[in-house]
Amino acid sequence: MSQTLTLRRPDDWHLHLRDGAMLEAVLPESARHFGRAIIMPNLVPPVVTGADARAYRTRIMEAMPTGACFTPLMTLYLTEDTDPADVAAAHRAGLISAVKLYPAGATTNSHSGVRDFDKVRGVLEKMAEIGLTLCVHGEVTDPAVDIFDREAVFIDRVLDPVRRKTPGLRVVMEHVTTSEGIAYARAGGDDLAATITTHHLVINRNHILAGGIRPHYYCLPVAKRETHRLALREAATSGEARFFLGTDSAPHPDHLKEHPCGCAGCFTATNTMSILAHVFEEEGALDRLERFASLNGAAFYGLPPAETTVTLEKRAEPCAYPAKIETGAGTVTVFDPGFPLYWAFKD
Ligand code: NCD
Ligand code: ZN
Ligand code: ZN
């Protein structure tokens, strides 16, 4: 008898679907596995207004594979010119689930993000008042700060002051990569949570840099040293309500990853659930995968858990998955965890 694991259909609380030909090619990869996903707004140009979110959601629904049962949860990209009234109206209309904060220059397509946090005070106060979540890319952009320290410094310089000034603001620390991030999330109340990606549970910075540079492992925040990866694994597998899955699956065509100035982002939508089952099994926590991938995020966002289930089946032989996905915008490399995957995803 093969070993199986049945859990409520998982959700992805941090996903990049892009647009156009890329959207068309990558959407089925997420829609096959997940019931809902928080859709990141860092398009070019970004999804800034309620009207932008409505139009983007329509494009996603038009690209949806037939028979898919996948709900995109839209977000707005916070700029210094964002109008609190537009945000509140989009929230009231049920159009958005969160607003995303990118410090200007911190990551892919973040140039329209925030430089002066005083300029977004009005929006943050409105969000605290209406209970709308702020998703945060938590890295400082100060060139004087070492790239491996940018998350920890962001917590001290930006996140903690913003949270103190805006009581009640619901915050998700996106893709935490450090033990400092985990500790800060744990010190917060019910209004603070953190997403953890699949790839940060698997790779540390040696995987990117030792024995040759591997552009497909480069993402932001960049993977840190091993002690941090272990802290992330402990948190993800703890079952604690404040930690949940946000894959940050972020496709870029190979020619822009394998480039003198390569783009940041790992594409994990295709094999995330198989990798997670492997990781949770290694940690002796298979029984807690459902909390991390299917229950905790929905609870934080005030949504009911999925009514349907999915099954993972442990095979005797490694399961096959494509190494690359062909898209109209170029070939995209699927994240290679560096070990064979035995847990097959069955709908
Ligand atoms: C993301 C992308 O490509 O849009 N890249 C990444 O390395 N994570 C942006 C982001 O989530 O920071
Ligand atoms: Zn980010
Ligand atoms: Zn992201």
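**View 1. The zinc ion (ligand 3) sits in a tetrahedral arrangement, because its four donor atoms subtend angles of 94 to 131°.** This is a predicted model, and the close-up starts at one of its metal sites. The protein gives this zinc ion three donors: His14 through NE2, His16 through NE2 and Asp248 through OD. These protein donors lie 1.9 to 2.0 Å from the zinc ion (ligand 3). Look along the sequence and you'll find the donor residues spaced H-x1-H-x231-D.

**View 2. The zinc ion (ligand 2) has an irregular arrangement of donors.** Here the protein donors are His137, using ND1, and His175, using NE2. They lie 2.0 to 2.1 Å from the metal. Why is the arrangement called irregular? The four donor atoms around the zinc ion (ligand 2) subtend angles of 54 to 148°, and a tetrahedral label would need all angles between 85 and 135 degrees.

**View 3. The two zinc ions, ligand 2 and ligand 3, are 3.9 Å apart.** On one side of this pair, His137 and His175 serve as protein donors to ligand 2. On the other, His14, His16 and Asp248 do that job for ligand 3.

**View 4. Ligand 1 makes polar contacts with the side chains of Asn42, Thr107 and His252.** An oxygen atom of ligand 1 is 2.7 Å from a polar side-chain atom of Thr107. For Asn42, the distance from a side-chain N or O atom to a ligand oxygen is 2.8 Å, and for His252 it's 2.8 Å too. How much of ligand 1 does the protein cover? It's 100% of the 320 Å² of accessible area that ligand 1 has on its own.

**View 5. Ligand 1 takes up the space of the largest cavity.** There are 15 residues around ligand 1, and those coming nearest are Asn42, Thr107, Leu220, Asp248 and His252. Sorted by class, the shell has four nonpolar, nine polar and two charged residues. Asp248, one of the nearest residues to ligand 1, is also a donor to the zinc ion (ligand 3).

Conventions: Residues are numbered from 1 along each chain as its sequence is written. Chains are lettered from A and ligands numbered from 1 in the order in which they are written. This is a predicted model: local features need pLDDT of at least 70, side-chain atom pairs count only at pLDDT 80 or more; totals for chains, interfaces and linings use all residues. Side-chain values use heavy atoms; hydrogens and water are left out. A residue is near a molecule or strand if one of its heavy atoms lies within 4 Å of it. A polar contact is a pair of N or O atoms within 3.5 Å; within protein, one must be able to donate a hydrogen and the other to accept it, and residues adjacent in sequence count only if both atoms are side-chain atoms. Accessible areas come from the Shrake-Rupley method with a 1.4 Å probe; for residues, only the protein chains shown count as cover. On a 1 Å grid over the protein atoms alone, a cavity is a set of points where a 1.4 Å probe fits but cannot get out, and a pocket is an open set with protein on both sides within 12 Å along at least five of seven lines; lining residues have an atom within 4 Å of a point. A molecule sits in a cavity or pocket if more than half of its atoms lie within 2 Å of its grid points. Ala, Val, Leu, Ile, Met, Phe, Trp, Tyr, Cys and Pro count as nonpolar, Asp, Glu, Lys and Arg as charged, and the others, Gly among them, as polar. Donors are N, O and S atoms within 2.8 Å of the metal (3.2 Å for Na, K and Ca); water is not among the atoms, so sites may look incomplete. Four donors count as tetrahedral if all angles lie between 85 and 135 degrees; four count as square planar and six as octahedral if opposite donors are over 155 degrees apart and all others between 65 and 115; anything else is irregular.
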